[in-house]
Amino acid sequence: MLKLLSYFSFGRAAPLSTPTSPPAQSRSRDVGHGELSIEDAQAIVEERLLVVSPYTSRPHLLDLATLTRSQILLAKALTILVPVTHAYATLPYINSFNWDAVMTYLAAAIKSETLDWKEQVFYIVVFRSQVPPTTDRSHLAELDKAAHVEAMRSGGLLKYWFGTPDADGRNLATCKPLVLSLTLE
């Protein structure tokens, strides 16, 4: 059994969806802006690269060859991370995502590989913002993409996700997993 330890209190939010396997992706994102189609990205994933963010061009993909086996399994489990509420920008972080499904996926992957999971520590960054809804956000997307490429070059980034601003311009972005300490019991 996996035990999730965190500095957050555990509550439950009504799920919007709770995937238990990586999403079947069939549409392209930003094709024409140097991005790969989802089909092309999926083909790359089968080799050694993993889509871990909304960006699918080569500089944004995670090179699995740079990770330990347990980090690979965690990165793959994080591909099913989705918000469980539209209020993720304002709710406590732990209540905003399908962590139970991610942990179930990870536990099954560990069991299927008979991996001897050692306690590990992972950190997260939770970025909450509020930008007036009238703001021109077009340049923010390009800055975000450039920052993500740099983070991927630096290594250690297993997941990056950002939402859509609510009516008041509040949003949430997060990178790496919520897991602060993960142990087998």
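This text walks through a predicted model, starting at its aromatic residues and moving on to the nonpolar core, a helix, a pocket and two further residues.

The structure contains seven aromatic pairs. One of them joins tyrosine 93 and phenylalanine 97, whose ring centres are 5.5 Å apart with 55° between the planes, a tilted arrangement. Tyrosine 93 has a relative accessibility of 3% and therefore counts as buried, since the limit for that class is under 20%. The same limit applies to phenylalanine 97, which is buried with a relative accessible area of 4%.

Phenylalanine 97 also pairs with tryptophan 161. Here the geometry is edge-to-face, with 5.0 Å centre to centre and 90° between the planes. Along the chain the two partners are 64 residues apart, and the pair links distant parts of it. Phenylalanine 97 sits in the loop between α2 (69–77) and α3 (99–113), whereas tryptophan 161 belongs to strand β5 (residues 160–162). Both phenylalanine 97 and tryptophan 161 are buried. These residues are part of one aromatic cluster formed by Tyr88, Tyr93, Phe97, Trp99 and Trp161.

What else touches phenylalanine 97, leaving aside its neighbours within four places in sequence? Besides Trp161, its contacts are Leu81, Val82, Pro83 and Val84, together with Leu172 and Thr174.

Phenylalanine 97 appears again in the largest nonpolar core, which has 37 residues. Leu62, Phe97, Trp99, Val102, Leu106 and Leu158 are the residues with the most contacts inside this core. Two or more core residues come from each of α2, α3, β5 and β6. The greatest contribution is that of α3, with eight residues.

Helix α2 can be looked at through its buried residues, which are Ser70, Ile72, Leu73, Leu74, Ala75 and Ala77. The elements against which the buried residues of α2 pack are β2 (49–50), β3 (62–63) and α3.

The next feature is a pocket. The second largest pocket holds about 510 Å³ of space. Its lining is made up of 20 residues, and those closest to the pocket centre are Leu140, Ala141, Asp144, Phe162 and Asn171. At least two lining residues are supplied by each of β4 (125–130), α4 (138–154), β5 and β6 (170–175). Of the elements, α4 gives the most to the lining of this pocket, namely five residues. Sorted by class, the lining of the second largest pocket comprises 12 nonpolar, five charged and three polar residues. Strands β5 and β6 thus have a place in two parts of this account: each gives two or more residues to the largest nonpolar core, and each supplies at least two residues of the lining of the second largest pocket.

Two residues remain to be described. Threonine 114 lies in the loop between α3 and β4. Its phi is near 45°, which is a positive value in a residue other than glycine. Threonine 114 has a relative accessible area of 69%, and because the exposed class begins over 50%, this residue is exposed.

Alanine 107 is located in helix α3. With a relative accessible area of 29%, alanine 107 falls between the buried and exposed limits of 20% and 50%, so it counts as partly exposed. Alanine 107 and tryptophan 117 are 10 residues apart along the chain, and 9.9 Å separates their C-alpha atoms.

Key. Residues numbered from 1 in each chain as written. Predicted model: local features only at pLDDT ≥ 70, side-chain atom pairs only at ≥ 80, totals over all residues. Heavy atoms only, no water. Phe/Tyr/Trp six-rings, centres within 6.5 Å; stacked < 30°, edge-to-face > 60°. Buried < 20%, exposed > 50% of the residue type's maximum accessible area, 1.4 Å probe, protein only. Helix = DSSP H or I, 4+ residues; strand = E, 2+ residues; numbered from the N terminus. 1 Å grid on protein atoms, 1.4 Å probe; cavity = no way out; pocket = protein on both sides within 12 Å on 5 of 7 lines; lining within 4 Å. Points joined across faces, edges and corners; volume = space filled by probe spheres on them. Nonpolar A, V, L, I, M, F, W, Y, C, P; charged D, E, K, R; others polar. Core = buried A, V, L, I, M, F, W, Y, C linked by side-chain atoms within 4.5 Å. Contact = heavy atoms within 4.5 Å.
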